[in-house]
Amino acid sequence: MVVKEQKIQSMLEPVVESLGFSLWGLEYLPQRRHSLLRLYIDSDQGVQVDDCAMVSRQVSSVLDVEDPIRGEYTLEVSSPGVDRMLFRLEQYQRYLDERVEMRLREPFAGRRNFKGTLKGVTAEDVVILIDEHEYLLPFSSVDRAQVKPRVRV
């Protein structure tokens, strides 16, 4: 996570938690004219549209006062969904034996994209199984990771 995202997350996490939700993660996509800040909130009871609206109002107020983003931006608040992105290493543990797609910042073993089964997590690495071969990927190199639920018939 880049410094700007860490600063925004540190600022907003207490606000989201005070409303009874956890801040699953955030994406900050800066653009020249109009940036995007997307927050993913979660709760044991699930997340409804009204919950997203309530969190959005509270977070907007904090962002208006603190002003961490220059220029115009769009704020989106959403549930992580079943095909949720994984932002922190501790989140991976919950999805062992699930299908995941991962993109790395720089190539590892000659590739940047990995699609396979999440088999393990260490203090600094993620283990993914692809075609009977296990890859030990450094978490610090992960640019994006997403759970891909199995389609059951």
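In which strand is the place of Ser-35? The views below take up this question and a few others, using a predicted model.

**View 1. Ser-35 and its surroundings in strand β2.** Ser-35 sits in strand β2. Is this serine buried or exposed? Ser-35 has a relative accessibility of 3%, so it counts as buried. Setting aside neighbours within four places in sequence, we find Ser-35 in contact with Tyr-28, Leu-29 and Pro-30, and also with Glu-72, Tyr-73 and Thr-74.

**View 2. Helix α2 from end to end.** Helix α2 runs over residues 49-66, which makes 18 residues. At 1.5 Å a residue the helix should span 26 Å, and its end C-alpha atoms are indeed 26 Å apart, so expectation and model agree. Just after α2 comes Asp-67, a residue with a positive phi near 50 degrees.

**View 3. The two faces of α2, one with buried residues and one with exposed residues.** Which residues of α2 are buried? They are Asp-51, Cys-52, Val-55, Ser-56, Val-59 and Leu-63. Looking down the helix axis, you will find these buried residues within an arc of 125 degrees, so they line one face of α2. A general rule helps here: an α-helix has 3.6 residues a turn, so residues three or four places apart point the same way. Turned away from the buried side is a face that carries the exposed residues Asp-50, Arg-57, Asp-64 and Val-65. The cover over the buried residues of α2 includes helix α1 (3-18) together with strands β2 (34-42) and β3 (72-78).

**View 4. Where α1 and α2 cross.** The axes of these two helices, α1 and α2, come within 10 Å and cross at roughly 145 degrees. The crossing of α1 and α2 is right-handed. From α1, the residues Met-11, Leu-12, Val-15 and Val-16 take part, meeting Val-55, Gln-58, Val-59, Val-62, Leu-63 and Glu-66 of α2. What kinds of residue make up this contact of α1 with α2? Eight are nonpolar, one is polar and one is charged. Val-55, Val-59 and Leu-63 deserve a second look, as they belong to this contact and are also among the buried residues of α2.

**View 5. Arg-70 in the loop between α2 and β3.** Follow the chain from α2 towards β3 and you meet Arg-70 in the loop between them. With 77% relative accessibility, Arg-70 counts as exposed, because the cut-off for that class is over 50%. Another arginine to find in this view is Arg-32: Arg-70 and Arg-32 are 38 residues apart in sequence, and their C-alpha atoms are 9.8 Å apart in space.

Conventions: Residues numbered from 1 in each chain as written. Predicted model: local features only at pLDDT ≥ 70, side-chain atom pairs only at ≥ 80, totals over all residues. Heavy atoms only, no water. Helix = DSSP H or I, 4+ residues; strand = E, 2+ residues; numbered from the N terminus. Expected span 1.5 Å × (residues − 1). Buried < 20%, exposed > 50% of the residue type's maximum accessible area, 1.4 Å probe, protein only. Arc of directions from axis to C-beta. Contact = heavy atoms within 4.5 Å. Axes fitted to C-alpha atoms, helices over the stretch in contact; angles between N-to-C directions. Left-handed = near helix turned anticlockwise from the far one by under 90°. Nonpolar A, V, L, I, M, F, W, Y, C, P; charged D, E, K, R; others polar.
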